[in-house]
Each structure stands twice: as C-alpha cells, then as structure tokens.
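Colleague: Got a minute to go through this model with me? I keep wondering how the labels get decided.

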Amino acid sequence: MQNFIEAYSWVNMRFLLEGLWVTVEVSIISIIASFIIGSILGVLRYVKIKYLSRVVGFVVDIVRNLPLILIIFFTYFGLPHLGFKPGIIFAAVLAMTIFESAMLAEIIRSGILAVDYGQMEGARANGMSYVQALWHIVFPQAIKKTIPTIVSQFISLIKDTSLATIIVLPELLNHAQIIYGQNSAYIIPMFVMIAVMYFIICYALSVLSRVLDKKLA
C-alpha cells in the first residue's frame, strides 16, 4: 500500500496527466482527420468511378492489412529518407490518421451499401442530382447505421496511441514508463492508474455512442 501512496504523489500524477493530455490531443486530431478522409475514401469506393475506385480500394486494402506499428515506424523513421522529417507528435498523428482512414473507409462504404437503394431512387425522382442524393439522403443514414462501429474504431485508436511509445511520443504509457523506471516498486501502481485513465476515456466514448444511437434511432 505504501508503494501506491508514494507512486501517486502529486508530482507523478501531474506528469501522468501531461502524458494523458498528449494521448487525448493525438487522438482527437487523428479522429477528426481520419473521419474526414475515411468518409471521402468510403464514398469513392462506393460510387465506382472508373479506375479511381479500384485504386482507392487497393490502397485501402493494403493499409488495413498492415500492422499499425509498422506505419508508425515508417512515418517517423522512413519519411526522413524521402526528404521529409516529421516531429514525433506529427508522425504519430499521421500514422494514426493513415491507418484509421483506411479502416473507416471500409466501415462507411459498408454503411452506404446497407442503405436501401430505394432511398437513392426516391431522391433522384424528386429532382436531386446523384451527388445531392448521396450527400443529403444516403450518407447521413449510412453514418447513423455505423455509429457504434465507428465509435468502437475510435476507442481502438485511443488505445493504439500507446504504440507510439516506440518513437518516444510523450503520451500516457511513455510517462508511466519514465516514472516506474526510477523505482520498480511503482510498476503495478502505474499500470493500475493507466488502466483507470484509459477506461474513463473509452467508457465515456461508449456512453456517448449509446446516447447518439438512441437519439438518432
């Protein structure tokens, strides 16, 4: 018990919270960017534009089947060899965005396919163009159908930020490692606190998902 009390000193907790802020910051930026890019890619896969849709589908399938840790390695260690040297946080955000965009593209494409085609036909019959019908009628329904899956993917993204500790991203796990690296007796207390912090954030997202699902039902 003494180890827990000492491990949870104000100095250590403040240091952990600084790491948590980086985790949240990287997650929020990656979520917003990946949702926008993933939506565009998902629509492009759905509309079947000659050649373009196939190329997008090919790229998405490649990224979806790569380990995220490999993409993180590439953005931080590989890009400098191509003449672009990103900072640690930017490299982490870029890797997360690339990976999550590919995952969300497939989720959103599936959501669009799940919308009854009669919705599109009805919108076209009422004078809407194909793009207008897709944007105003089909796409909102697709998002509503896929909210639980999208939120689950966002929760996975938040937990996956811990992988960026390999490039020394100063996030939650990295700061915990620094703390228990100074005293091995703090290992268990640190991992307990990390688990609590991740649970609070991820559970809050799960609750938000259920609330949105009920309101949009």
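Modeller: Sure. Keep in mind that this is a predicted model. A good place to begin is the stretch from residue 20 to 209: there the chain is 81% helix and 0% strand, and the end C-alpha atoms are 22 Å apart.

Colleague: What does UniProt place at residues 20-209?

Modeller: The UniProt record, an unreviewed entry, has "domain: ABC transmembrane type-1" there. As for the protein chain, its secondary structure comes to nine helices and zero strands.

Colleague: How do you know that the span of helix α2 agrees with its number of residues?

Modeller: Helix α2 covers residues 10-47, which makes 38 residues, and at 1.5 Å a residue that should span 56 Å. The C-alpha atoms at its ends are 55 Å apart, so the two values agree. Just after α2 comes Lys-48, with a positive phi of about 60 degrees.

Colleague: Now the charges. Why is the pair Asp-61 and Arg-45 called a salt bridge?

Modeller: The cut-off is a Lys or Arg side-chain nitrogen within 4 Å of a carboxyl oxygen of Asp or Glu. For Asp-61 and Arg-45 the closest N and O atoms are 3.9 Å apart, so the pair is within the 4 Å cut-off. Asp-61 lies in helix α3 (residues 52-64) and Arg-45 in helix α2, so this salt bridge ties together parts that are 16 residues apart in sequence.

Colleague: What makes Arg-45 buried and Asp-61 partly exposed?

Modeller: Buried means under 20% relative accessible area, and partly exposed runs from there to 50%. Arg-45 is at 15%, so it counts as buried. Asp-61 has 32%, so it is partly exposed.

Colleague: Which side chain meets Glu-106 in a salt bridge at 2.5 Å, N to O?

Modeller: That's Arg-45 again. Glu-106 lies in helix α5 (residues 88-114) and Arg-45 in helix α2, so here the tied parts are 61 residues apart in sequence. Both Glu-106 and Arg-45 are buried.

Colleague: And how do you know that Glu-106 forms a salt bridge with Arg-109?

Modeller: Their closest N and O atoms are 2.7 Å apart, and the cut-off is 4 Å, so the pair qualifies. Both residues lie in helix α5, three residues apart, about one turn of the helix. An α-helix has 3.6 residues a turn, so residues three or four places apart point the same way. Arg-109 has a relative accessible area of 18%, so it is buried too.

Colleague: How many salt bridges does a search of the whole structure find?

Modeller: Four. Arg-45, Asp-61, Arg-64, Glu-106 and Arg-109 are linked in a network of them.

Colleague: Let's switch to the surface. Which residues form the nonpolar patch?

Modeller: Among them are Val-55, Phe-58, Leu-70, Phe-77, Leu-163 and Ile-166, and the patch has about 910 Å² of accessible area together. Helices α3 and α4 (68-78) each supply at least two of its residues.

Colleague: What makes Ile-166 eligible for the patch?

Modeller: A patch residue needs over 30% relative accessible area. Ile-166 is at 31%, so it passes that cut-off and counts as partly exposed. You'll find Ile-166 in the loop between α7 (130-160) and α8 (172-182).

Colleague: And how much of the protein chain counts as buried?

Modeller: 42% of its 217 residues. The accessible surface comes to about 11900 Å², of which 69% belongs to carbon and sulfur atoms.

Notes
Residues are numbered from 1 along each chain as its sequence is written. This is a predicted model: local features need pLDDT of at least 70, side-chain atom pairs count only at pLDDT 80 or more; totals for chains, interfaces and linings use all residues. Side-chain values use heavy atoms; hydrogens and water are left out. Helices (H or I, at least four residues) and strands (E, at least two) are DSSP runs, numbered from the N terminus. The expected span of a helix is 1.5 Å times one less than its number of residues. UniProt positions are given in the numbering used here, feature names are shortened, and annotations may be inferred rather than shown by experiment. Buried means under 20% relative accessible area, exposed over 50%, partly exposed in between (1.4 Å probe, protein chains only). Accessible areas come from the Shrake-Rupley method with a 1.4 Å probe; for residues, only the protein chains shown count as cover. Patches are made of residues with over 30% relative accessible area and no salt bridge: like charges are joined within 9 Å, nonpolar side chains (Val, Leu, Ile, Met, Phe, Trp, Tyr) within 5 Å.
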